[in-house]
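Reader: I should be grateful for a close look at a single part of this model, set in the context of the whole chain. Please define each term as it arises.

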Amino acid sequence: MSIKLGSSELAKYPFLQEASDYIQETKFDFAEFDRPEMIHIINRAVEKLENELKGKIYSNLDEYEIEIMTFLVSLLLIKSIGLEEVSKKCSLFEAMRVERFLSTDLSVERSSQKKKLLVQKIFQDLFDINIDVDSTSSICKLSVPDYLLRASKMYEQEWKLINRSVKDGYVYLDTDEAVRLIRNELSNLIYTRVKNMKVYEVPILIKSKADELRKKYSGRYVYRNQFKILEYPPCIKHAMEIINKGENLPHSARFMLATYMLAIGKTEEEVIEIFKNSPDYNEKITRYQVEHLAGKKGSHIKYSVPSCDRLRSEDLCFAVKECENLINPIQFGRRKLT
Ligand code: SF4
């Protein structure tokens, strides 16, 4: 008996081939999104996208037809908004949503065949990862080269091979870790789908929603849209090195690092991620502090990056020749976009 993915899996993983097959089988035409009864799907996609832009994972889950359509509208909205940062952020949060579903499915699924099918569809078919999942527990094993290819992009100490359980050329991970390992690939998959989408005519309702969203959110990305950061300044690089080694950073350096990252357009979520390797990391406290600096909490004032003078006086400056005449680290290594 061959096992197939059910409708509940298609709802959670609408990027799989089976979901595209569904759209083709129903002969759905994009123009149908302009029908009045489709407005709830469009509104749902807008709600999902706004959650993602605010740094939240959209956790509502509906029937598979609605989820597949919502996914499709989300891609069309992102494409029509046409802002690189929106594409990247929404792809990342869509990937985190999938990560959450997949971790749960792999942990609670009783049918070992179903579990293996899910692993095959996502890890092997999409990302060509040679992985095996234990049918009785939540342990996965993947080859050392497959592991290293992904883990090299993770900053935390726990991903270093030396800190993993390795046997006979395989690295052993629990399912949450295995899923976490493919977050970047999931995010890239969605980002690439949007990028490669060829849409000759965006349905009017979707286009008008995309125009509203562009107007509402483009201000956030002004800095990124004006400048490209080619290199971090030495003071920031030094602080990042300390954090990545899992060592403690003084408060003044944390302030500098967080305000700098926010100033160049990183999201609060991305800034929190940077601090995850701190020895005293506490997500709740870090989130509050980062949101406070971003002007979302407390005084609602967005804090500026400290000047080079101030950083010198705090022993946080590691000036190089290129720092000459700089007043603020924000000026280092940037190129104005034309
Ligand atoms: S001169 Fe300014 S930008 Fe350069 S390392 Fe010192 S504080 Fe950073």
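Author: The domain bounds used here are taken from an automatic or database domain assignment. That assignment gives domain 1 (1-108 + 185-220) and domain 2 (230-336), and the C-alpha centres of domain 1 and domain 2 are 33 Å apart. The model is predicted: local features need pLDDT of at least 70 and side-chain atom pairs count only at pLDDT 80 or more, whereas totals for chains, interfaces and linings use all residues. Residue numbers start from 1 along each chain as its sequence is written.

The chain as a whole has 16 helices and six strands; these are DSSP runs numbered from the N terminus, with helices being H or I of at least four residues and strands E of at least two. Of its 338 residues, 31% are buried, that is, have 20 or more other C-beta atoms, placed from the backbone, within 10 Å of their own (exposed means 12 or fewer, partly exposed in between).

The part chosen for the close look is helix 12 (234-244). Its buried residues include Cys-235, Ile-236, Ala-239 and Ile-243. Because these cover an arc of only 95 degrees around the axis, they lie on the same side of helix 12; the arc is that of the directions from the helix axis to the C-beta atoms. Helix 13 (251-263), helix 14 (268-274) and helix 16 are among the elements that cover them. After helix 12 comes Gly-246, with a positive phi near 80 degrees.

One residue of the covering helix 13 is Leu-257. Leu-257 is buried because 25 other C-beta atoms lie within 10 Å. Leaving aside residues up to four places away in sequence, Leu-257 touches Ile-236, Ala-239 and Ile-274, where contact means C-beta atoms, placed from the backbone, within 7 Å.

Helix 12 also takes part in the surroundings of the ligand: helix 12 and helix 16 (308-313) each supply at least two residues of the shell. A residue counts as near the ligand if its C-beta atom, placed from the backbone, lies within 6 Å of it. The shell includes Pro-234, Cys-235, Cys-308 and Leu-311, together with Phe-318 and Phe-332. By class, the shell has 12 nonpolar, no polar and no charged residues. Here Ala, Val, Leu, Ile, Met, Phe, Trp, Tyr, Cys and Pro count as nonpolar, Asp, Glu, Lys and Arg as charged, and the others, Gly among them, as polar. Cys-235 thus appears both among the buried residues of helix 12 and in the shell around the ligand.

Key: Two residues are in contact if their C-beta atoms, placed from the backbone, lie within 7 Å.
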